[in-house]
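I opened this model to look up one helix, the nonpolar cores and a surface patch. My entries follow.

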Amino acid sequence: MSASSYDAIPDFGLLYDHVPLYKERADVGFYVEEAKQARGSVLELGCGTGRILLPIARADCTVVGLDSSRQMLERCRTKLAAESALESRVTLHQSDMAAFDLGATFALIIAPFRVFQHLTTIDAQLRFLASVAKHLSAGGRFIFDVFNPRFAILVGADGAEHEDTPDTRLPDGRTFRRAYRIARVRWVDQVSESELIYYVDGKRYVQAFEMRWFLQAELQHLLVRAGFRVRQVYGDFARGPLVDGAPEQVVVAQKGSGE
């Protein structure tokens, strides 16, 4: 299993949980509602520190979380231990999401917060989708989100740091702030070479990663090629339509190309 970029920064799970953009993100209620409607067990791919997984468990759903990051899963386990009533409903696995085998099937598989965009090649995307299909029960659904590309931002990428988190105090008394930058846009690959820069008590840490961006037609073709049928595509987590300027592409798919 390849090393996760999340594990290169000390206390990354703690930092992640205190980024306001993540704490305020509007996707939690959407995925909790989908989990409640699933009427079966749920698998979350890229569960991280439990930002969505724990609310799903609080809704009395059985949920399995998978993530490649040791630090993020440790943070999730710490939070889970503080809510002992949830522990019987939650199972966590450390694994590469591009090719996983849990020996079980699920009524719902979710990949929230742009997990799919970390798969930058068609081969990796198809292997991931094959693993998802293998783990879906009959009639089960796969729901994920990617951002709706804002080309003005991509064209205007200047390589400079732009702050997205001002000075924020952590529970242990330390402070951190965060900036982001797009180091390079590879237009043919549809990949942004991105960095999140954390300044923790003045020390600088860089999380570098690549983000693959998709247009709606490409996503639909990719899913059909992998044996899925697309049921809905929303433009936000309030289930609004996907239109020009919508912030998200929220995809609801099922295994099988027929009705």
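I checked the length of α6 first. Its 13 residues should span 18 Å at 1.5 Å a residue, and the end C-alpha atoms are 18 Å apart, so the two agree. The expected span is 1.5 Å times one less than the number of residues. Helices here are DSSP runs (H or I, at least four residues), and strands are runs of E, at least two.

The model is predicted: local features need pLDDT of at least 70, side-chain atom pairs count only at pLDDT 80 or more, and totals for chains, interfaces and linings use all residues. Residues are numbered from 1 along each chain as its sequence is written, and side-chain values use heavy atoms, without hydrogens and water.

Next I listed the buried residues of α6 (under 20% relative accessible area, 1.4 Å probe, protein chains only). They are Ala124, Gln125, Phe128, Leu129, Ser131, Val132 and Ala133.

I then looked up the largest nonpolar core, meaning buried Ala, Val, Leu, Ile, Met, Phe, Trp, Tyr and Cys joined through side-chain atoms within 4.5 Å. It holds 29 residues, and Phe116, Phe128 and Val132 are among those touching the most other members. The largest share, 5 residues, comes from α6.

I took the contacts of Phe116 (heavy atoms within 4.5 Å). Beyond four places in sequence, they include Gln125, Phe128 and Leu129, as well as Phe144 and Leu222.

A second, separate core has 28 residues, including Val42 and Val252.

Last, I noted Val155 in helix α7 (residues 151-155). Val155 counts as exposed (over 50%) because its relative accessibility is 64%.
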